[in-house]
Amino acid sequence: MGQFTYNDIVADAKGIARAYPFMFLMFSLLLGVVFRLDHLVCLVGVVLVSDSVNSFVTKPMVYNILSQVGMRSVAARPKGAKNCGSFLDETNIHKTSKSYGMPSGHSLSAMIISLFLVCYIIDHHDKTLQRDVLILFVCLMGVSICVSRVYLQCHTILQIIIGGILGSMIGYYSYYGYKKLKQKYTITM
């Protein structure tokens with residue numbers, strides 16, 4: 001049986017950091033449907049819509065605006081950024097990314113998830129040490145994904161900050177939109 005090396009551990013950690021938002025979405029969708037947790041199904045929908053809007057509207061729009069004012073480099077990924085998607089392209093592991101990096105889609109999704117869940121936890125659990133630890137854990141997971149994007153050399157710090165701020169706002173407001181809809185229509189699955 002082979003031994004794990006430091007490089008194997010780092011490669012596995014990078015793989016988890018790369019795929020976390022996708023894994024979270026699939027796990028949340030499964031839990032939401034199986035256990036009839038409408039807030040998780042709503043969260044998955046919000047993240048999928050936000051990710052699509054970010055990819056097809058926001059990133060190209062930001063790139064065009066920054067290009068017109070001579071700041072194209074702010075929207076570009078770091079030089080030599082490789083395999084910046086949710087999964088590693090095993091057929092070409094040295095393939096450089098051709099997409100824009102502003103704002104970071106992983107940071108956007110991670111902070112949507114974090115803020116939505118923090119708001120849910122605050123609304124549905126009494127103030128206890130366990131609740132506070134859970135909130136801290138959820139926040140650390142979101143921030144760790146943002147930081148991983150710089151570590152993986154897929155984004156600049158500015159790109160993850162902008163993605164994180166947008167994701168936090170979307171997560172916060174989408175939770176309270178969900179809550180108002182639920183109160184108005186008494187949503188049940």
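**Reading a helical chain, one feature at a time**

Q: Which helix gives the most to the nonpolar patch?

A: That's helix H6, residues 157–185, with 10 residues in the patch. Keep in mind as we go that this is a predicted model.

Q: And which residues make the nonpolar surface patch?

A: Look for Val150, Ile157, Leu158, Ile161, Ile162, Ile165, Leu166, Met169, Ile170, Tyr172 and Tyr173, which together make a patch of about 950 Å². To join a patch, a residue needs over 30% relative accessible area. Take Met169, which lies in helix H6: its relative accessible area is 45%, so it is partly exposed and clears that cut-off.

Q: Let's step back. How many helices and strands are there in the chain?

A: You'll find six helices and zero strands. Reading from the N terminus, the elements go α-α-α-α-α-α.

Q: What share of the residues is buried?

A: A residue counts as buried when its relative accessible area is under 20%. Here buried residues make up 37% of the 189 in the chain. As for the outside, the chain exposes about 11600 Å², and carbon and sulfur atoms supply 68% of that area.

Q: Where do I look for the largest nonpolar core, and which residues touch the most other members?

A: A core is built from buried nonpolar residues whose side chains touch. The largest one has 20 residues, and Leu43, Val47, Ile112, Ile113, Leu117 and Tyr175 touch the most other members. Helices H1 (6–34), H2 (38–68), H4 (105–124), H5 (129–151) and H6 each supply at least two residues. H4 gives the most to this core, with nine. Apart from it lies another core, of five residues, including Val62, Tyr63, Leu66 and Met102.

Q: What is Ile112 in contact with, leaving aside its neighbours within four places in sequence?

A: Its partners are Leu43, Val46, Val47, Ser50, Gly167, Ile170 and Gly171. Ile170 may ring a bell, as it is also one of the patch residues. For the whole chain, take contacts between residues at least 6 apart in sequence: 71% of them join residues at least 24 apart.

Q: How many disulfides does a search of the whole structure find?

A: For a disulfide, two cysteine sulfur atoms must lie within 2.5 Å. The search finds zero. Cys139 is in none: the nearest cysteine sulfur, that of Cys119, is 9.6 Å away.

Q: How exposed is Cys139, and what about Cys42?

A: Cys139 has a relative accessible area of 29%, so it counts as partly exposed. Cys42 is partly exposed too, at 24% relative accessibility.

Technical notes: Residues are numbered from 1 along each chain as its sequence is written. This is a predicted model: local features need pLDDT of at least 70, side-chain atom pairs count only at pLDDT 80 or more; totals for chains, interfaces and linings use all residues. Side-chain values use heavy atoms; hydrogens and water are left out. Helices (H or I, at least four residues) and strands (E, at least two) are DSSP runs, numbered from the N terminus. Buried means under 20% relative accessible area, exposed over 50%, partly exposed in between (1.4 Å probe, protein chains only). Contact means heavy atoms within 4.5 Å. Accessible areas come from the Shrake-Rupley method with a 1.4 Å probe; for residues, only the protein chains shown count as cover. Patches are made of residues with over 30% relative accessible area and no salt bridge: like charges are joined within 9 Å, nonpolar side chains (Val, Leu, Ile, Met, Phe, Trp, Tyr) within 5 Å. A salt bridge is a side-chain nitrogen of Lys or Arg within 4 Å of a carboxyl oxygen of Asp or Glu. A nonpolar core is a set of buried Ala, Val, Leu, Ile, Met, Phe, Trp, Tyr and Cys residues joined through side-chain atoms within 4.5 Å.
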